[in-house]
Amino acid sequence: MEQQTHTEHEHHHHHATAAFMVNHLIANQGVLNVKLHQFHWYIQGRDFFRLHEKFEELYNAVNQYYDQFAERMLAIGEKPYSTLAEYLEHAFISEKPYEKKMSSNEMVEALVGDYRTIRDVTIKAIELAVKEDDFVTEDMLKEYKANLDQTIWMLQAYLGNDALEGEEE
């Protein structure tokens with residue numbers, strides 16, 4: 001059995017289902033949305049124009065999935081997280097006030113880590129949807145994972161890295 005971090009352990013307080021994991025994705029998307037807006041507003045330097053636009057593109061994509069996932073939860077009789085308090089309690093990624101200037105590379109590196117965390121939650125949700133024969137949720141999540149993989153690759157390319165560089169073995 002793989003070792004869980006303290007945060008992961010706290011979030012597995014009942015039997016995980018695909019819907020349970022999708023709710024965690026909603027929480028992560030809520031936090032990621034805030035973080036992407038923050039980076040969009042605070043980016044400075046020679047990469048301003050390129051990244052200001054990219055961060056906006058990314059938070060627009062996050063909002064699309066965020067709404068789609070919440071509506072899927074409602075369609076299957078579940079209750080999606082819908083408050084900032086719930087997002088912060090159930091997300092596996094975090095955000096913080098912008099008190100110290102960050103370079104464009106630091107912002108992008110932070111996002112690579114966040115997108116990888118979200119991708120890993122998505123993989124777990126896909127596995128559970130397959131076990132539960134929830135084909136609609138499975139398809140929705142597979143499409144989302146493809147988007148995550150592409151986003152990670154692009155952010156890594158911006159940093160001059162191969163897509164999988166820095167992945168944990």
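Mentor: Helices here are DSSP runs of H or I with at least four residues, numbered from the N terminus. The model under discussion is predicted.

Trainee: What average pLDDT does the protein have?
Mentor: A score of at least 70 is reached by 91% of the residues. Taken over the protein, the average pLDDT is 91.

Trainee: Over which residues does pLDDT stay under 50?
Mentor: Where pLDDT is low, the predicted coordinates should not be read in detail. The model does have 14 contacts beyond four places in sequence for the stretch in question. The stretch with pLDDT under 50 is residues 1-13.

Trainee: Which helix gives the most to the lining of the largest cavity?
Mentor: The structure holds 1 cavity of 30 Å³ or more, and about 40 Å³ of space lies in the largest cavity. Two elements give two or more residues to its lining, namely helix 6 (135-158) and helix 3 (48-75). With 4 residues, the top contributor is helix 3.

Trainee: How many charged residues are in the lining of the largest cavity?
Mentor: The lining is made up of Leu58, Ala61, Val62, Tyr65, Tyr115, Tyr144, Asn147 and Thr151. Tyr counts as nonpolar in this scheme, and charged means Asp, Glu, Lys or Arg. The classes come to 6 nonpolar and 2 polar, and the number of charged residues is none.

Trainee: How many charged residues are in the lining of the second largest pocket?
Mentor: About 220 Å³ of space lies in this pocket. Its lining has 13 residues, and those nearest the centre are Phe39, Lys96, Pro97, Lys100 and Met102. Apart from 5 nonpolar and 2 polar residues, the charged ones number 6.

Trainee: Which helix supplies the largest share of that pocket's lining?
Mentor: At least two residues each come from helix 5 (104-131) and helix 2 (18-42). The largest share is 3 residues, and it comes from helix 2.

Trainee: Why is the pair of Phe48 and Phe49 assigned its class?
Mentor: The structure has 7 aromatic pairs. For Phe48 and Phe49, the ring centres lie 5.1 Å apart and the planes stand at 80°. Planes over 60 degrees apart fall in one class, so the pair is edge-to-face.

Trainee: Is Phe49 buried, partly exposed or exposed?
Mentor: Its partner Phe48, at 25% relative accessibility, is partly exposed. The relative accessibility of Phe49 is 67%. The upper class begins over 50%, so Phe49 is exposed.

Trainee: How many residues apart are Phe69 and Tyr144?
Mentor: Phe69 and Tyr144 form an edge-to-face aromatic pair, with 5.0 Å centre to centre and 85° between the planes. The pair links distant parts of the chain, with Phe69 in helix 3 and Tyr144 in helix 6. Their separation along the chain is 75 residues.

Trainee: Which residues form one aromatic cluster with Tyr144?
Mentor: Phe69 and Tyr144 are both buried. Tyr144 also belongs to the lining of the largest cavity, as does one of the residues asked for. The cluster joins Tyr144 with Phe69 and Tyr65.

Trainee: Is Asn28 buried or exposed?
Mentor: Asn28 lies in helix 2. Leaving aside neighbours within four places in sequence, Asn28 is in contact with His90, Ala91, Phe92, Ile93 and Ile118. Its relative accessibility is 0%, so Asn28 counts as buried.

Trainee: What distance separates the C-alpha atoms of Ser94 and Val34?
Mentor: Ser94 is found in the loop between helix 4 (84-90) and helix 5. Beyond its neighbours within four places in sequence, Ser94 is in contact with Val31 and Lys35. Ser94 and Val34 are 60 residues apart along the chain, and their C-alpha atoms are separated by 9.8 Å.

Trainee: What distance separates the C-alpha atoms of Glu109 and Gly160?
Mentor: Glu109 lies in helix 5 and is partly exposed at 46% relative accessibility. Glu109 and Gly160 are 51 residues apart along the chain, with a C-alpha separation of 11 Å.

Trainee: What phi does Asp133 have?
Mentor: Most residues other than glycine have a negative phi. Asp133 lies in the loop between helix 5 and helix 6. Although Asp133 is not a glycine, its phi is positive, at about 55°.

How values were computed
Residues numbered from 1 in each chain as written. Predicted model: local features only at pLDDT ≥ 70, side-chain atom pairs only at ≥ 80, totals over all residues. Heavy atoms only, no water. 1 Å grid on protein atoms, 1.4 Å probe; cavity = no way out; pocket = protein on both sides within 12 Å on 5 of 7 lines; lining within 4 Å. Points joined across faces, edges and corners; volume = space filled by probe spheres on them. Phe/Tyr/Trp six-rings, centres within 6.5 Å; stacked < 30°, edge-to-face > 60°. Buried < 20%, exposed > 50% of the residue type's maximum accessible area, 1.4 Å probe, protein only. Contact = heavy atoms within 4.5 Å. pLDDT = per-residue confidence, 0-100.
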